[in-house]
Amino acid sequence: MIWAAVAIGLVLVVLYLRSRRDPYSLRDLERLQNQLEFESVEEISTDEADEVICPNCFEAYESNRPACPRCGKLK
Ligand SMILES: [Zn+2]
């Protein structure tokens, strides 16, 4: 009879630890994934920093800029 109580207690402890730990590991995983995506995006943007010509003022500027530095026209 006492073994049944111990078994139930063990299951409850495992479930409690799992419910406590899982949100953290999920958050860590999410953060790690975001970091990896951020790093890969950064890597791509530095790799592909070639020049584009502004269609408005024909200024040449790096393609990783959001807008033309001369006239401010967005890509
Ligand atoms: Zn321009």
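This report describes the fold, the confidence and two loop residues of a predicted protein model.

**Overall architecture**

The secondary structure of the protein chain consists of one helix and two strands. Read from the N terminus, these elements follow the order α-β-β. The helix, α1, covers residues 2-47, strand β1 covers residues 51-53, and strand β2 covers residues 60-62. Of the 75 residues in the protein chain, 1% count as buried. Among contacts with a separation of 6 or more, 0% join residues that lie 24 or more positions apart.

**Confidence of the prediction**

The mean pLDDT of the protein chain is 80, and 83% of the residues score at least 70. Among the elements, helix α1 has the lowest mean pLDDT, at 74, whereas strand β2 has the highest, at 93.

**Two loop residues**

Two residues in the loops may be described in turn. The following table gives the number of other C-beta atoms around each.

| Residue | Loop | C-beta neighbours within 10 Å |
|---|---|---|
| D50 | between α1 and β1 | 8 |
| F58 | between β1 and β2 | 10 |

D50 counts as exposed because 8 other C-beta atoms lie within 10 Å, and the cut-off for an exposed residue is 12 or fewer. The C-alpha atom of D50 is separated by 5.5 Å from that of E62, although the two residues stand twelve residues apart along the chain. E62 belongs to strand β2, which comprises residues 60-62.

F58 is likewise exposed, because its 10 C-beta neighbours inside 10 Å also satisfy the cut-off of 12 or fewer. The backbone of F58 has a positive phi of about 60 degrees, although F58 is not a glycine.

Definitions and conventions
Residues are numbered from 1 along each chain as its sequence is written. This is a predicted model: local features need pLDDT of at least 70, side-chain atom pairs count only at pLDDT 80 or more; totals for chains, interfaces and linings use all residues. Helices (H or I, at least four residues) and strands (E, at least two) are DSSP runs, numbered from the N terminus. A residue is buried if 20 or more other C-beta atoms lie within 10 Å of its own, exposed if 12 or fewer, and partly exposed in between; C-beta atoms are placed from the backbone. Two residues are in contact if their C-beta atoms, placed from the backbone, lie within 7 Å. pLDDT is the predictor's confidence in each residue, from 0 to 100.
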